[in-house]
Amino acid sequence: MSKTLVIVESPAKAKTINKYLPKGYKVLATMGHVRDLPKSKLGIDIENNFEPSYVTIRGKGDILKKLKAEAKSADTVLLATDPDREGEAISWHIANYLNIDEDKAGRIEFNEITKNAVRNAIKSKRKIDMNLVDAQQARRILDRLVGYSISPLLWKKIKKGLSAGRVQSVATKIIVDREKEIMDFVSTEYWNLNLFLSNDEGVKDTFLARYHGINGKKKEIGNEKELEVILKALKDEDILVKSIKKSKKVRKPPNPFTTSTLQQEAFKKLNFSTKKTMSIAQQLYEGLNLEGRGHVGLITYMRTDSVRISDEAKEACKEYILNNLGKEYLGTAAAVKKAKNVQDAHEAVRPSSMELDPRLIKDSLKRDQYRLYKLIWERFVASQMSNGEYDTISVDITCDKFLFKATDSKLVFKGFMKIYDVEDNEEDEAADSGKNNIPELNEGEPLVLRKTEKEQKFTQPPARYTEASLVKILEEKGIGRPSTYSPTIQTILFRGYVENIEKKFHPTELGFMVTDLMDEYFKKIIDVDFTAEMEASLDKVADGNVEWQSIIRFFYGDFAKDLEYAEKVMEKITIEDPVSDVECDKCGKMMVIKSGRYGKFLACPGFPECRNTKAIVEDLGIACPECKNGSIIAKKSKKGRVFYGCINYPECNYMVWDRPVKDEKCPECSALLLQKGFGKMTKTYCSNPECSYIKK
């Protein structure tokens with residue numbers, strides 16, 4: 001019997017694929033990349049057309065030896081690494097190590113790990129795509145040139161441990177620029193004015209009309225003086241119905257997920273970080289053990305910027321909708337135009353099989369696996385469903401020259417919203433549908449003013465970026481690719497350039513400083529348009545239209561000059577660590593606040609003579625409800641998850657996962673209130689399990 005060796009990246013993927021292959025096939029995993037540029041030096045021969053010098057990654061020697069031994073005894077070697085540039089590069093490195101001819105058809109790829117996909121891939125073997133490999137090499141070399149050239153300069157001029165990078169430096173600048181906008185923002189006053197009206201003196205029910213403007217044009221009320229003029233007119237002049245417009249509106253279903261939209265929606269709906277989303281999506285793609293089914297891949301490849309869906313998947317989804325929801329819920333999805341910067345190499349992120357309904361496999365999945373899979377499933381089904389339909393009404397109401405508008409809408413057919421909730425995370429004209437109760441009105445009809453409601457407001461600065469909105473802006477600007485969003489965010493957090501405070505990114509003093517230096521000496525590196533152009537050039541390499549060395553040459557000419565100038569001119573900057581109010585219990589000096597791999601901590605400034613360090617404790621100022629003596633402090637579990645417990649541990653074991661609320665007790669039982677979520681998703685509830693109080 002002939003023997004075939006199949007090489008993949010991960011053991012989970014190997015286990016899933018092995019299930020679909022007949023006897024004579026053996027699947028081994030590389031555990032990711034096996035060769036890379038050396039860590040100890042640049043590893044690029046600049047004088048020799050930027051030729052890279054690859055070495056075996058530490059710890060991968062035994063894996064490569066095993067692969068070589070198995071390859072020698074195999075009749076065929078199939079390279080089944082992930083279907084993207086990174087996967088293509090891994091296959092190329094393995095082929096080189098095993099002395100497999102690049103022109104030999106031994107590369108297979110599949111967008112989903114199913115029986116049909118794997119077996120069809122084996123029938124469609126191809127050569128390694130050197131255009132994809134070259135695009136990956138070009139990105140790796142560009143990133144290495146920037147990182148290994150600028151980072152040592154930052155170490156020398158500021159402090160050790162800093163880094164710069166093509167994408168991370170631009171992402172940091174985007175956050176810093178937003179913070180500068182917030183700092184420069186000047187708030188201005190305005191007023192909201194709401195009228196509660198009825199169309200008859202004897203009618204108690206009212207409807208709401210909001211102030212809109214003057215003489216038919218939108219204009220805000222700028223101050224209280226302007227408000228008083230309008231209020232006087234409402235007393236002295238008739239309030240009349242000017243026009244009534246009734247119409248039907250539709251809400252179109254969303255596209256299936258790309259990497260970016262999956263990360264954004266998982267952040268908003270599930271409170272997942274981009275890192276957590278990609279980690280769980282990887283598990284779903286590579287395969288999980290389902291009761292009665294064995295190891296099964298649940299979703300298609302999760303690194304994609306395309307919303308394209310295969311005809312086979314569309315038909316399967318159509319059948320599911322017809323059988324489970326009804327013909328009226330089946331959509332007629334129009335063809336989606338390919339957006340710029342989209343590679344379209346893979347399908348959108350979708351379930352690999354419509355037979356794997358989330359409800360049927362829930363018991364085989366961990367809680368977060370189930371939640372993310374359910375989100376992907378519902379989004380995909382919704383994308384193939386019919387529009388939501390509304391009856392809407394808009395009434396223009398005048399008083400003298402002032403215009404008010406009353407609007408309402410009624411959902412008459414849910415369509416895709418039967419299974420996919422959009423109201424929590426998107427602006428919706430039909431939000432509050434059916435709640436305004438506008439009566440039957442006629443043009444020219446006088447109205448009765450029952451009550452006015454006025455509110456002074458001030459314009460707000462632009463919002464800080466969350467993980468979701470940062471991913472969105474990076475995608476819109478063409479910065480990075482689906483595979484880079486999550487690692488970029490992790491890098492700028494790890495380097496201490498930004499902090500994630502209440503789910504929003506705040507640049508640190510260090511982030512400001514490094515960004516300003518980069519802006520002064522390496523303007524192109526942090527220029528959004530230039531970085532996007534480089535990404536577009538890498539796409540041209542992948543398409544076979546540009547030679548990869550030409551991109552490096554184009555970039556390196558100006559970069560080398562900027563680097564030489566910065567090394568001569570840039571002055572050394574000293575960063576003082578903030579001094580805390582905590583005294584070192586070993587030498588008496590006031591401890592300073594430092595940033596480390598796992599966040600901020602207290603350290604003695606007498607280092608190296610005194611090496612005392614302490615954790616920074618966040619005291620919530622809330623008395624422990626169990627022992628009454630201690631206060632509640634924020635702590636971190638071994639996995640980095642924040643929880644809240646008594647400072648007197650282990651004498652007192654009080655602990656909760658959700659944040660206790662200060663200066664407020666449950667109005668029903670006087671127990672401690674807890675808060676979970678953020679923004680619109682915030683939920684405040686009673687900590688007493690026997691009390692069902694939830695704050696509205």
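Lys523 is exposed, with a relative accessible area of 52%. The structure is a predicted model, and this lysine is a convenient place to enter it. Lys523 pairs with Asp519 in a salt bridge whose closest N and O atoms are 3.3 Å apart. The acidic partner, Asp519, has a relative accessibility of 28% and counts as partly exposed.

The next lysine to consider is Lys524, whose side chain meets that of Asp558 in a salt bridge with an N to O distance of 3.0 Å. Asp558 belongs to helix 17, which covers residues 548-569, while Lys524 sits in the loop between helix 15 (509-521) and helix 16 (528-542); the pair therefore ties together parts that are 34 residues apart in sequence. On the accessibility scale, Asp558 is partly exposed at 33%, and Lys524 is likewise partly exposed at 36%.

A further pair consists of Glu547 and Arg553, which form a salt bridge with 3.3 Å between the closest N and O atoms. Glu547 has a relative accessible area of 43%, which makes this residue partly exposed. Arg553 is partly exposed as well, with a relative accessibility of 40%. Elsewhere, salt bridges with shared partners link Glu88, Arg107, Glu109 and Arg126 into one network. In general, side chains of opposite charge can pair when their charged atoms come close. The count of salt bridges in the model comes to 39.

The cysteines give another kind of count. A disulfide is a covalent bond between the sulfur atoms of two cysteines. The number of disulfides found in this model is zero. Cys604 is in no disulfide, and its nearest cysteine sulfur belongs to Cys587, 3.3 Å away. Because a disulfide requires two cysteine sulfur atoms within 2.5 Å, the separation of 3.3 Å between the sulfurs of Cys604 and Cys587 does not qualify. Cys604 is buried, with a relative accessibility of 3%.

Cys686 can be read in a similar way. Cys686 takes part in no disulfide, and the nearest cysteine sulfur, that of Cys669, lies 3.4 Å away. Given the cut-off of 2.5 Å, this pair is therefore not counted either. Cys686 is buried, its relative accessible area being 4%.

Put side by side, the two topics read as follows. The model has 39 salt bridges and zero disulfides. Among the charged residues described, Lys523 is exposed and Asp519 is partly exposed, whereas the cysteines Cys604 and Cys686 are buried.

Conventions:
Residues are numbered from 1 along each chain as its sequence is written. This is a predicted model: local features need pLDDT of at least 70, side-chain atom pairs count only at pLDDT 80 or more; totals for chains, interfaces and linings use all residues. Side-chain values use heavy atoms; hydrogens and water are left out. A salt bridge is a side-chain nitrogen of Lys or Arg within 4 Å of a carboxyl oxygen of Asp or Glu. Buried means under 20% relative accessible area, exposed over 50%, partly exposed in between (1.4 Å probe, protein chains only). Helices (H or I, at least four residues) and strands (E, at least two) are DSSP runs, numbered from the N terminus.
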